[in-house]
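Welcome! Please take a moment to turn the model around on your screen before you read on.

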Amino acid sequence: IHFVTAFVPVITSLKRGTRITITQEKGIPASTTTSLTLFQGEEPEIGRRKAITSLLTFTTAATTIVNPFGSKATARSSSGLDILVDDTGSEGIAAITQSEIGKSVRRTAVRSAQIADRIDLSWERFSDGLRDKNKCDPITNRRLFDNGTRRDGTKIGNPVLGAMCDPIPLKPLDVEGVAALVLNLSEKAAVGSGVADEAMLRKREASVRDLVSASFSRAAAGEGEQSEQRRIYNMNVYTKLRAYGELITEKMSEGVGNKKALNEAAQKFDVAWGQNILESLAKGANRKNFVPAFPLPSPEDMADRPYNEGSLYDALGSLSVALGKMQEGGLIGHWEISVPEDDYGGVVTVAVDDDISIGAQILLREQGRALVGSTVIAMIKSAMDGAKISYGIDSFFIDPTTTRQELYNPTQLLVSLSNLGE
């Protein structure tokens, strides 16, 4: 008889008598600090999600499966190793995975993952419910959720920002001004970065618009003049960026045809688009125009950074002016730029609420298009390249009002720059 036994790594590492406890420090939400502590030698900690998964897997994964194939369960291979066979003589792992017991094990594993998802979500909502929803940050005008305090009274990490305490409504869309400017500058960037000439760009745009216009029209039917104008702008962003992305992809497939070349072409377009916008909306802006959302790191903390501090603040000042004009023109809502103190100048975050083209951006990403269609990301890339500061970039679509997946409706673009100058 052969036995097949599966254990998760954290379980196999335990010895008889090892004690497992869930610990939580006073004043810290369970969703951020609950950990599994193993009292055996060192005391490693794992996060809430892995703790749940590990405990569930312990009850399901440590399962012994008795070979169901009778006397023909094994055969000797030419190399002298035992191999699995079924009653028909078929070899390989299918003898286990296609059996009733194998299917049962897979169903159990899936159910365990589903249970972990439900517990994790319930845990997160319970923790969210403990937060003080009346606590408001006076600088950013956002709900401010603390990560808690250490025993010496110091704060743990950065505060978590939620929805606006006093919502700031979008301004009317300046259709003929900043909205038209941003769209026209995208075409200029496409020509300048070598995507295609104007005639080819417009021909592809017309083709994409014919394909998608009906869907965009249904999305905002009967919601008023401003909604209609924003819908048209959102559609125009999607149409142009999808068209340009398709042309870049086709061009790369005819040439080098690799992922690196495609990414470089997309980066070249983004930087050109961002530069065009910054030159048009923030010409001459510098560090004096930068108003951070939180206190900046001290000069001593910034002294060891591998980049010029003044160059970074000049770039963020230019970005601040451009974002301010886009807000006045109704393209975006409230925005914040932060250089967190406890990251010592190694991180910059940019949060933008109510970007009216966020629908186009999400759709472009979901479809895996070459270009993501974000003016904010394009400006950030251009500003950082102009400052000659290297960076890693991540971006997220966030609903700051809820964690409930069935109600989740992203309205905020959060961009995180890390490893600055490294």
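The paragraphs below walk through the chain as a whole, then some of its helices, and then a few single residues.

Keep in mind that this is a predicted model, in which local features need pLDDT of at least 70 and side-chain atom pairs count only at pLDDT 80 or more, while totals for chains, interfaces and linings use all residues. Residues are numbered from 1 along each chain as its sequence is written, and side-chain values use heavy atoms, with hydrogens and water left out.

Let us begin with the overall picture. The protein chain contains 13 helices and 13 strands; here helices (H or I, at least four residues) and strands (E, at least two) are DSSP runs, numbered from the N terminus. Of its 422 residues, 41% count as buried. Buried means under 20% relative accessible area, exposed means over 50%, and partly exposed is in between, using a 1.4 Å probe and protein chains only. How much of the contact network comes from residues 24 or more positions apart? Such pairs account for 64% of the contacts with a separation of 6 or more, where contact means heavy atoms within 4.5 Å.

Now look for helix α13, which covers residues 375–386. Its 12 residues reach 16 Å from the first C-alpha to the last, close to the 16 Å expected at 1.5 Å a residue; the expected span is 1.5 Å times one less than the number of residues. At the N-terminal end, Ser374 acts as a cap, with a side-chain oxygen 3.4 Å from the backbone nitrogen of Val376. This is a polar contact, meaning a pair of N or O atoms within 3.5 Å; within protein, one must be able to donate a hydrogen and the other to accept it, and residues adjacent in sequence count only if both atoms are side-chain atoms. After the helix comes Lys388, whose phi is positive, near 60°.

Is α13 largely enclosed or largely open? Because 10 of its 12 residues are buried, α13 is largely enclosed by the rest of the structure. Among the buried residues are Val376, Ile377, Met379 and Ile380. Lys381 also sits in this helix, and at 12% relative accessibility Lys381 counts as buried too. Leaving out residues up to four places away in sequence, Lys381 touches Gln267, Asp270, Val271, Tyr391 and Ile393.

Some of those partners lead us to helix α9. The two helices α9 and α13 pack at an angle of about 90°, with their axes 7 Å apart. Axes are lines fitted to C-alpha atoms, for helices over the stretch in contact, and angles run from 0 to 180 degrees between N-to-C directions. The pair is therefore roughly perpendicular, the word used for angles from 65 to 115 degrees; under 35 counts as roughly parallel, over 145 as roughly antiparallel and the rest as oblique. Where they meet, the α9 side includes Trp273, Gly274 and Ile277, while the α13 side includes Ala378, Met379 and Ser382.

Helix α9 spans residues 259–281 and contains Ala265. Ala265 is buried, with a relative accessible area of 18%, and touches Ile248 and Met252, not counting residues up to four places away in sequence. Asn276 belongs to α9 as well, and is buried with a relative accessible area of 12%. With the same sequence neighbours left out, up to four places away, Asn276 touches Leu185, Lys188 and Ala189.

Next, find helix α11, residues 309–328. This helix has 20 residues and reaches 29 Å, close to the 28 Å expected. At its start, a side-chain oxygen of Asn308 reaches to within 2.9 Å of the backbone nitrogen of Gly310. Just after α11, Gly330 takes a positive phi of about 80°.

Which residues touch the most other members of the largest nonpolar core? In this core of 74 residues, they are Leu323, Leu331 and Val350. A nonpolar core is a set of buried Ala, Val, Leu, Ile, Met, Phe, Trp, Tyr and Cys residues joined through side-chain atoms within 4.5 Å. The contacts of Leu331, apart from residues up to four places away in sequence, include Leu173, Tyr233 and Asp354.

That brings us to Asp354, in the loop between β11 (348–353) and α12 (358–366). Asp354 has a positive phi, near 55°, in a residue other than glycine, and at 30% relative accessibility counts as partly exposed. Finally, Asn419 lies in the segment after β13 (412–418). Asn419 has a positive phi of about 50° although it is not a glycine, and counts as partly exposed at 44% relative accessibility.
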